[in-house]
Amino acid sequence: MWIRTQEKKELVNVIKVEIFGDKNGKAVIWGQSTSENLFSTNRVYLGSYSTVDEAIKEINEIENNILENPKGVYHMSTNK
């Protein structure tokens with residue numbers, strides 16, 4: 001699935017999306033891209049959110065987009 005990052009600077013073909021929360025309750029969504037080589041990682045920053053719950057809502061929107069438009073591009077929402 002193609003996702004445009006929250007900062008609108010990258011369009012990434014991701015195969016996995018994950019939430020990582022910190023001890024302050026903020027959350028970051030990372031994607032695993034399909035491209036990987038010896039000199040770079042395949043982990044891509046997609047966006048950050050004020051709470052884990054907000055990040056889960058964003059992942060729910062990604063899931064809905066996949067179901068409704070599997071060949072489309074999802075645009076990450078702005079920081080909430």
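**Close-up 1. Trp30 and the aromatic pair of the predicted model.** In this predicted model, Trp30 is partly exposed, with a relative accessible area of 23%. The structure holds one aromatic pair, and its two members are Trp30 and Tyr45, whose rings meet edge-to-face, with 5.7 Å from centre to centre and 75° between the planes. The arrangement counts as edge-to-face because the angle between the planes is over 60 degrees. Trp30 belongs to strand β3 and Tyr45 to strand β4, so that, by the DSSP runs that define the strands, the pair links distant parts of the chain, 15 residues apart. Tyr45 is also partly exposed, its relative accessible area being 27%.

**Close-up 2. Arg43 above two aromatic rings.** The charged end of Arg43 is placed over the ring of Trp30, at 4.1 Å from the centre of that ring. Arg43 also lies over the face of Phe20, where the distance to the ring centre is 5.0 Å.

**Close-up 3. The open sheet of five strands.** The strands follow the order β4-β3-β2-β1-β5, and their pairing is mixed. At the edges of the sheet stand β4, residues 43-49, and β5, residues 73-75, each of which pairs on one side only. Neighbouring strands are turned against each other by 40° on average, when direction is ignored. Helix α1, which covers residues 52-68, packs on this sheet and touches β1, β2, β3, β4 and β5, while its direction makes about 150° with that of β2.

**Close-up 4. Strand β3 between its partners β2 and β4.** Strand β2, residues 11-21, and strand β3, residues 27-33, pair in the antiparallel sense over seven bridges. Among the bridge partners in β3, Gly31 is matched with Val17, and Ser33 is matched with Val14. The two strands form a hairpin with five residues between them, and in its turn Gly25 has a positive phi of about 90°. Strands β3 and β4 run antiparallel as well, joined by six bridges, and here Val28 stands opposite Ser48 of β4. Which residues make up the covered face of β3, and which the uncovered one? Ala27, Ile29, Gly31 and Ser33 form the covered face, whereas Val28, Trp30 and Gln32 form the uncovered one.

**Close-up 5. The hairpin of β1 and β2, with Lys8 in its loop.** Strands β1 and β2 run antiparallel and are joined by three bridges, and one of the residue pairings places Arg4 opposite its bridge partner Leu11 in β2. Six residues lie between the strands of this hairpin, and Lys8 is found in the loop that they form between β1 and β2. Lys8 has a positive phi of about 65° although it is not a glycine. Is Lys8 buried, exposed or partly exposed? Lys8 is partly exposed, because its relative accessible area of 36% falls between the limits of 20% and 50%.

**Close-up 6. The largest nonpolar core and the contacts of Met76.** In soluble globular proteins, nonpolar side chains tend to be buried together. The largest nonpolar core of this model has 13 residues, of which Ile3, Ile29, Leu46, Ile62, Tyr74 and Met76 touch the most other members. At least two residues of the core are supplied by each of β2, β3, β4 and α1, and the largest share, three residues, comes from β4. When its neighbours within four places in sequence are left aside, Met76 is in contact with Ile3, Arg4, Thr5, Gln6, Lys8, Ile29, Leu46, Gly47, Tyr49, Glu58 and Ile62.

**Close-up 7. Asn69 in the loop after the helix.** Asn69 is found in the loop between α1 and β5, and with a relative accessibility of 38% it counts as partly exposed. Asn69 and Ala55 are 14 residues apart in sequence, and the distance between their C-alpha atoms is 21 Å.

Conventions:
Residues are numbered from 1 along each chain as its sequence is written. This is a predicted model: local features need pLDDT of at least 70, side-chain atom pairs count only at pLDDT 80 or more; totals for chains, interfaces and linings use all residues. Side-chain values use heavy atoms; hydrogens and water are left out. Two strands pair if DSSP finds at least two bridges between them. Helices (H or I, at least four residues) and strands (E, at least two) are DSSP runs, numbered from the N terminus. Axes are lines fitted to C-alpha atoms, for helices over the stretch in contact, and angles run from 0 to 180 degrees between N-to-C directions. Contact means heavy atoms within 4.5 Å. Rings of Phe, Tyr and Trp (its six-membered ring) pair if their centres lie within 6.5 Å; planes under 30 degrees apart count as stacked, over 60 as edge-to-face and the rest as tilted. Buried means under 20% relative accessible area, exposed over 50%, partly exposed in between (1.4 Å probe, protein chains only). A charge sits over a ring if NZ of Lys or CZ of Arg is within 6 Å of the ring centre and within 35 degrees of the ring normal. A nonpolar core is a set of buried Ala, Val, Leu, Ile, Met, Phe, Trp, Tyr and Cys residues joined through side-chain atoms within 4.5 Å.
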